[in-house]
Amino acid sequence: MMHALKPSLLSISGLGVRFGPTQVVRGIDLTIAPGESVAVLGESGSGKSVTGKAVMGLINPPGRVEGSVRFEGEELVGRSEADMKAVRGPGIAMVFQDSLDALNPVYSVGDQIMEILTVRLGWSRHQARSEAIRLMEQVGISQPENRLKDYPHQFSGGMRQRICIAMAIALKPKLLIADEPTTALDVTVQAGILNLINRLRADTGMALLFVTHDLAVARRVAHSLIIMYAGRIVERGTVDDIFVRPAHPYTRALLASNPGSVRHWSQLQPISGSPPDKAARFAGCAFAPRCPRAEARCTDEAPELRRILPNRESRCHFAEEIAHA
Ligand SMILES: Nc1ncnc2c1ncn2[C@@H]1O[C@H](COP(=O)(O)OP(=O)(O)OP(=O)(O)O)[C@@H](O)[C@H]1O
């Protein structure tokens, strides 16, 4: 509600993604204001990456995107690849989990950064070289002028991720989508990358959509959180709302199962069961089959429902109540 007064940079409504008959993401509504940082949180397979890719126009056939993604007021869904290429870079940029996949092993990192500037902005190699050095410095690579000619394999994982971030911000995007950018890194390196992303966001004013399965990471980078389960948003709120007053049973279960949010390991409570099969269809909340609240409702409040409605998920509409509150 707080953000309704600010003009939104990104406005997603009714976003759905399907691969053939399988709907993997549905009904996503989300706005991001300039400079705002939103984390999308959820277990593996909940649809976080697919959502980020849909925003970037990276869902390829046979995948299909439904709904609306507006960036600076312009509709992106249904735009041609040529149009999307123009948006990617100066508009929206993306950093992925695996920097080894994102970098070309046969070109030096300097050439890869410089190419963005020469091809996209028409700069001379000389201009591009000094900007590449500045970018490498900005992302914390020491003595960058000596490292321009080095190849990706000559850098550590954390340093490669810094180079990917330098490439992503080279065209000064207004929105950075970071998809698990620290998951492949060890904890101390991870902290350095998160600090870097926070600092860049503060310095440049770019907005951030940060995809992660890690609550502690989300807490470090985000103003607000979106919790996804089985392709849908089940809860959203500020970092305090979610950590202090989680409302949805799935969010509570996620917090109780996270080592960073309990005092002692003995308090950890794994979420029993596993996420639903992606081909499953739900009338109500997809978490109901694993949900203690749905169980309580069913056994205590309305035992007769068990007989009438054999599919437990169709009995709990708590997710919709919260998502639309
Ligand atoms: N190209 C594709 N074709 C078919 N199904 C796909 C494709 N890409 C993703 N999916 C499916 O979409 C669902 C959501 O995937 P997604 O990668 O968004 O999950 P995630 O929440 O980001 O999880 P993870 O953290 O493991 O990446 C998964 O069930 C996945 O198998």
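**View 1. Helix 4 packs alongside helix 7, and helix 7 alongside helix 8**. In this predicted model, the axes of helix 4 (residues 109-121) and helix 7 (157-169) come within 9 Å and cross at roughly 15 degrees. That makes helix 4 roughly parallel to helix 7, a label for angles under 35 degrees, while angles over 145 count as roughly antiparallel, 65 to 115 as roughly perpendicular and the rest as oblique. Axes here are lines fitted to C-alpha atoms, for helices over the stretch in contact, and angles run from 0 to 180 degrees between N-to-C directions. Helix 4 passes helix 7 in a right-handed crossing, meaning that the near helix is turned clockwise from the far one by less than a right angle, with anticlockwise giving left-handed. Now look at helix 8 (residues 187-204): its axis comes within 10 Å of that of helix 7, again with a crossing of roughly 15 degrees. Helix 7 is therefore roughly parallel to helix 8, and this crossing is right-handed too. Helices (H or I, at least four residues) and strands (E, at least two) are DSSP runs, numbered from the N terminus.

A note on reading these views: residues are numbered from 1 along each chain as its sequence is written. Because the model is predicted, local features need pLDDT of at least 70 and side-chain atom pairs count only at pLDDT 80 or more, whereas totals for chains, interfaces and linings use all residues.

**View 2. Helix 1 contributes to the surroundings of the ligand**. There are 13 residues around the ligand, and Phe19, Val24, Ser44, Ser49 and Val50 come nearest; a residue is near a molecule or strand if its C-beta atom, placed from the backbone, lies within 6 Å of it. Helix 1 (residues 48-56) gives the most to this shell, with three residues. By class, the shell has three nonpolar, eight polar and two charged residues. Ala, Val, Leu, Ile, Met, Phe, Trp, Tyr, Cys and Pro count as nonpolar, Asp, Glu, Lys and Arg as charged, and the others, Gly among them, as polar.

**View 3. Helix 1 is largely enclosed by the rest of the structure**. Nine of its nine residues are buried, among them Lys48, Thr51, Gly52 and Met56. Buried means that 20 or more other C-beta atoms, placed from the backbone, lie within 10 Å of a residue's own; 12 or fewer is exposed, and in between is partly exposed. Just after helix 1 comes Gly57, with a positive phi near 70 degrees. Further on, a cis peptide bond joins Pro61 and Pro62, with omega about 15 degrees. Pro62 sits in the loop between helix 1 and strand 4 (63-71).

**View 4. Gln143 and Lys172 have positive phi values**. Most residues other than glycine have a negative phi. Gln143, in the loop between helix 5 (125-138) and helix 6 (144-147), has phi near 45 degrees. Gln143 is exposed, with 9 other C-beta atoms within 10 Å. Lys172 has phi of about 55 degrees and lies in the loop between helix 7 and strand 7 (175-179). With 12 C-beta neighbours inside 10 Å, Lys172 counts as exposed.

**View 5. Ala256 and Gln269 come together in space**. Ala256 belongs to helix 11 (residues 249-256) and counts as partly exposed, with 15 C-beta neighbours inside 10 Å. The C-alpha atoms of Ala256 and Gln269 are separated by 5.5 Å, although these residues are 13 apart along the chain.
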